[in-house]
Amino acid sequence: MTKNHDILTVARRTILSESQAIAQLAGLLTDDFPKAVDLILRAEGRLIVTGIGKSAIIAQKIVATMNSTGTPSMFLHASEAIHGDLGMVQPGDVVICISKSGNSPEIKVLTPILKRFGNTLIAMTGNINSFLAKGADFVLDTTVEAEACPLNLAPTSSTTAQLVMGDALAVSLMELRGFKSEDFAKYHPGGALGKKLLLRVKDMLEDSHKPMVSPDAPVKKVIFEISEKRLGVTAVIDDNKVIGIITDGDIRRMLNNTDTIAGLTAKDIMTKNPKMIKPSDMAMDALNIMEDFSITQLVVSDQDDYKGIIHLHDILKEGIV
């Protein structure tokens, strides 16, 4: 039976080997990198990323990253390209071809065809003397000394280097485009990420989330309002302006401290100056306020106009966290 110590030794060796390969990658950058970035930035067409084998998988990830950060991109499998899919390459497109050796049969066929098409070709390769590198307009060197694989065969460090080089391109393009979180949100409307960037407090408000009592309301009315609206809180409203809130915790503390509720009103037990948020604020901002002050509800108000209550459960239900 393999010992845990042996497994951890292999894991650490693999991680260190790949991290060293990535660290050395920075020293392989040349002027071709900024030229390639500028070319992609100014391209009239799209970015086409192609490769074969494991490099094709890395190409797909790079395409996904580019599309989500503002650079229109498409994946083209090198093998399928020479069997009909070259039709997706249009004038004005820039092509990145990824290959560790730069000498695979499909790459040797594809490279001159792309040049005849007139498209600019960027090579991402671990062999700067390869057929691909010599036929490309720009070369991004992803050479690694050895794979993390103990046989030095399975693509490990080399594919990691390709992925990191692709990320370097994407981040450089983001900065040059002035790409902001608002832009990122446009391409990620679904899931937790999209909701963090897009969902606002007003999108979560309902009429049923608007418990309120007047300052002179008897405590019995306050309890009824909290129970009916099922938010554990009610706002105390005077001329549609929030002057305080009462939580179910306030009710429990009142009952512990008094023998009778006769004569008590909302203004007698309310908490003044409650934490508030605007309807236009992000739902994530509401969550952060709740976490900072260890509360579960926030009053929503717009220029002294009471809009309702947002509850921690509402945010959690949306799957933001």
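This report describes the fold, the nonpolar cores and selected residues of a predicted protein model.

**Overall form**

The protein contains 14 helices and eleven strands. Its radius of gyration is 30 Å, well over the 20 Å that the globule rule gives for 321 residues, so the protein is more spread out than a compact globule. Taken along the principal axes, the box filled by the C-alpha atoms is roughly 90 × 55 × 35 Å.

Of the 321 residues, 41% count as buried. The protein exposes about 17100 Å², and carbon and sulfur atoms supply 54% of that area. Among contacts between residues at least 6 apart in sequence, 62% join residues at least 24 apart. The protein carries 34 positive and 39 negative charges, and the mean positions of these two sets are 2 Å apart.

**The nonpolar cores**

In soluble globular proteins, nonpolar side chains tend to be buried together. In this model the largest nonpolar core has 26 residues. Within that core, Val 49, Ile 96, Ile 122, Met 124 and Leu 169 touch the most other members. Several elements each supply at least two residues of the core: the helices are H1 (4-25), H2 (32-42), H3 (54-68) and H7 (157-177), and the strands are S1 (47-51), S3 (94-99), S4 (120-125) and S5 (138-141). Another core, of 18 residues, lies apart from this one. Leu 76, Val 89, Ile 113 and Leu 132 are among the residues of that other core.

Ile 96 shows how the parts of the largest core meet. Leaving out residues up to four places away in sequence, Ile 96 touches Ile 40, Leu 47, Ile 48, Val 49, Thr 50, Ile 122, Met 124 and Leu 169.

**Two buried strand residues**

Thr 50 is placed in strand S1. Thr 50 counts as buried because its relative accessible area is 0%, and the cut-off for buried is under 20%. With residues up to four places away in sequence not counted, Thr 50 touches Ala 59, Leu 76, His 77, Ala 78, Val 95, Ile 96, Cys 97, Ile 98 and Leu 110. One of these, Leu 76, is a member of the 18-residue core, while another, Ile 96, belongs to the largest core.

Ile 98 is found in strand S3. Ile 98 also counts as buried, at 0% relative accessibility. Apart from neighbours within four places in sequence, Ile 98 is in contact with Val 49, Thr 50, Gly 51, Ile 52, Ser 55, Ala 59, Ile 62, Met 124 and Gln 162. Ala 59 is thus listed for Ile 98 and is listed for Thr 50 as well.

**Two residues of helix H1**

Helix H1 holds both Ile 22 and Asn 4. Ile 22 is partly exposed, with a relative accessible area of 24%. Leaving out residues up to four places away in sequence, Ile 22 touches Thr 160, Ala 161 and Val 164, and helix H7 spans 157-177. Asn 4 counts as exposed, at 62% relative accessibility.

The table gives C-alpha separations for pairs that involve the four residues described above.

| Pair | Residues apart along the chain | C-alpha separation |
|---|---|---|
| Ile 22 and Met 165 | 143 residues | 9.1 Å |
| Thr 50 and Ala 81 | 31 residues | 8.6 Å |
| Ile 98 and Ile 122 | 24 residues | 8.6 Å |
| Asn 4 and Ile 107 | 103 residues | 42 Å |

**Positive phi angles**

Most residues other than glycine have a negative phi. Asn 152 has a positive phi of about 60 degrees although it is not a glycine. Asn 152 is found in the loop between S5 and H7. With a relative accessible area of 40%, Asn 152 is partly exposed.

Arg 230 is not a glycine either, and its phi is positive, about 60 degrees. The loop that holds Arg 230 runs between helix H10 (219-229) and strand S7 (233-238). Arg 230 is exposed, with a relative accessible area of 75%.

Notes
Residues are numbered from 1 along each chain as its sequence is written. This is a predicted model: local features need pLDDT of at least 70, side-chain atom pairs count only at pLDDT 80 or more; totals for chains, interfaces and linings use all residues. Side-chain values use heavy atoms; hydrogens and water are left out. Helices (H or I, at least four residues) and strands (E, at least two) are DSSP runs, numbered from the N terminus. The radius of gyration is taken over C-alpha atoms; the globule rule is 2.2 Å times the number of residues to the power 0.38. Buried means under 20% relative accessible area, exposed over 50%, partly exposed in between (1.4 Å probe, protein chains only). Contact means heavy atoms within 4.5 Å. Accessible areas come from the Shrake-Rupley method with a 1.4 Å probe; for residues, only the protein chains shown count as cover. Lys and Arg count as positive and Asp and Glu as negative; His and the chain ends are not counted. The place of a charge is taken as NZ of Lys, CZ of Arg, CG of Asp or CD of Glu. A nonpolar core is a set of buried Ala, Val, Leu, Ile, Met, Phe, Trp, Tyr and Cys residues joined through side-chain atoms within 4.5 Å.
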